Amino acid sequence: MIWKRRVQGFTLIEVLLAASLASIVGIAVYANLASGINMMRRVVESSPEEDLAIFFEKFERELQNSFHYKEIQFKGEPETFSFASQINADPLLGGDEGIGRIAYYFNSSEKGISRLEQNIHEVYDEREGTERTVLRDVSDLMFEYLGYDS
């Protein structure tokens, strides 16, 4: 008597093996996905220390680009600080960079430090420039100045 094997389906062992392999692969994929999502959250989430370091780096760069300009006087008060500096210019004004006024001040309604940038035309016409909050969650700000005795 010859035994004929019917090939109509899978054996129980084959089904259990496939199910266990699929679950192992699924667990590995889920673990990697969850790890990637957690890493993305940490990267996207900014810390106050990073925000402060970035603010001071940009502030320092703008102070290094400042210069004496007769029409834009340095102005320093306890909560406001403005100076002439090199700014990004509107391409319609003829270039990438130009002369302008930059002011930093404490914005109590936004609870942060705001930056006001005016190009030279906005300064002469006494128009508002571009304002944005550059550092949030600030409770108070006071500028102090040192100068030479003449």
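Confidence in this predicted model is highest in helix α1 (residues 12-44), where the mean pLDDT is 92, and lowest in helix α3 (residues 120-124), where the mean is 84. Across the protein, the mean pLDDT is 86, and 93% of the residues reach 70 or more.

Let's begin our walk in helix α1, which is where you will find Met39. Together with Met40, Val43 and Val44, Met39 forms a nonpolar patch on the surface. The accessible area of these four residues together is about 450 Å². Is Met39 buried, exposed or partly exposed? Its relative accessible area is 49%, and since exposed means over 50%, Met39 counts as partly exposed.

Next comes helix α2 (residues 48-64), the home of Glu50. Here the surface has another character: Glu49, Glu50, Asp51 and Asp137 form a negative patch. Glu50 has a relative accessibility of 45%, so this residue is partly exposed.

Stay with helix α2 a moment longer and look for Glu62. Which residue does the side chain of Glu62 meet in a salt bridge? The partner is Arg115, with 2.5 Å from N to O. Because Glu62 sits in helix α2 and Arg115 in strand β4 (residues 112-119), this pair ties together parts that are 53 residues apart in sequence. Buried means under 20% relative accessible area, so Glu62, at 13%, counts as buried. Arg115 is buried too, because its relative accessibility is 7%.

Arg115 also has a neighbour worth finding: Ala103, in strand β3 (residues 97-107). These two residues are 12 apart in sequence, yet their C-alpha atoms are 5.7 Å apart in space. With a relative accessible area of 8%, Ala103 is buried.

Now let's turn to the other salt bridges. How many are there by the distance rule used here? The count comes to five. One of them joins the side chains of Glu110 and Arg136, at 3.3 Å from N to O. This pair links distant parts of the chain, with Glu110 in the loop between β3 and β4 and Arg136 in strand β5 (residues 130-136), 26 residues apart. Glu110 is partly exposed, with a relative accessible area of 41%.

Another salt bridge brings together the side chains of Asp125 and Arg127, at 3.7 Å from N to O. Arg127 is partly exposed, at 43% relative accessibility. Finally, return to Glu62 and Arg115: salt bridges that share partners join these two residues and Glu117 into one network.

Conventions. Residues numbered from 1 in each chain as written. Predicted model: local features only at pLDDT ≥ 70, side-chain atom pairs only at ≥ 80, totals over all residues. Heavy atoms only, no water. Patch = residues over 30% accessible without salt bridge, like charges linked within 9 Å, V, L, I, M, F, W, Y side chains within 5 Å. Areas by Shrake-Rupley, 256 points an atom, 1.4 Å probe, with all protein chains shown as cover. Lys, Arg positive; Asp, Glu negative; His and termini not counted. Charge placed at Lys NZ, Arg CZ, Asp CG, Glu CD. Helix = DSSP H or I, 4+ residues; strand = E, 2+ residues; numbered from the N terminus. Buried < 20%, exposed > 50% of the residue type's maximum accessible area, 1.4 Å probe, protein only. pLDDT = per-residue confidence, 0-100.
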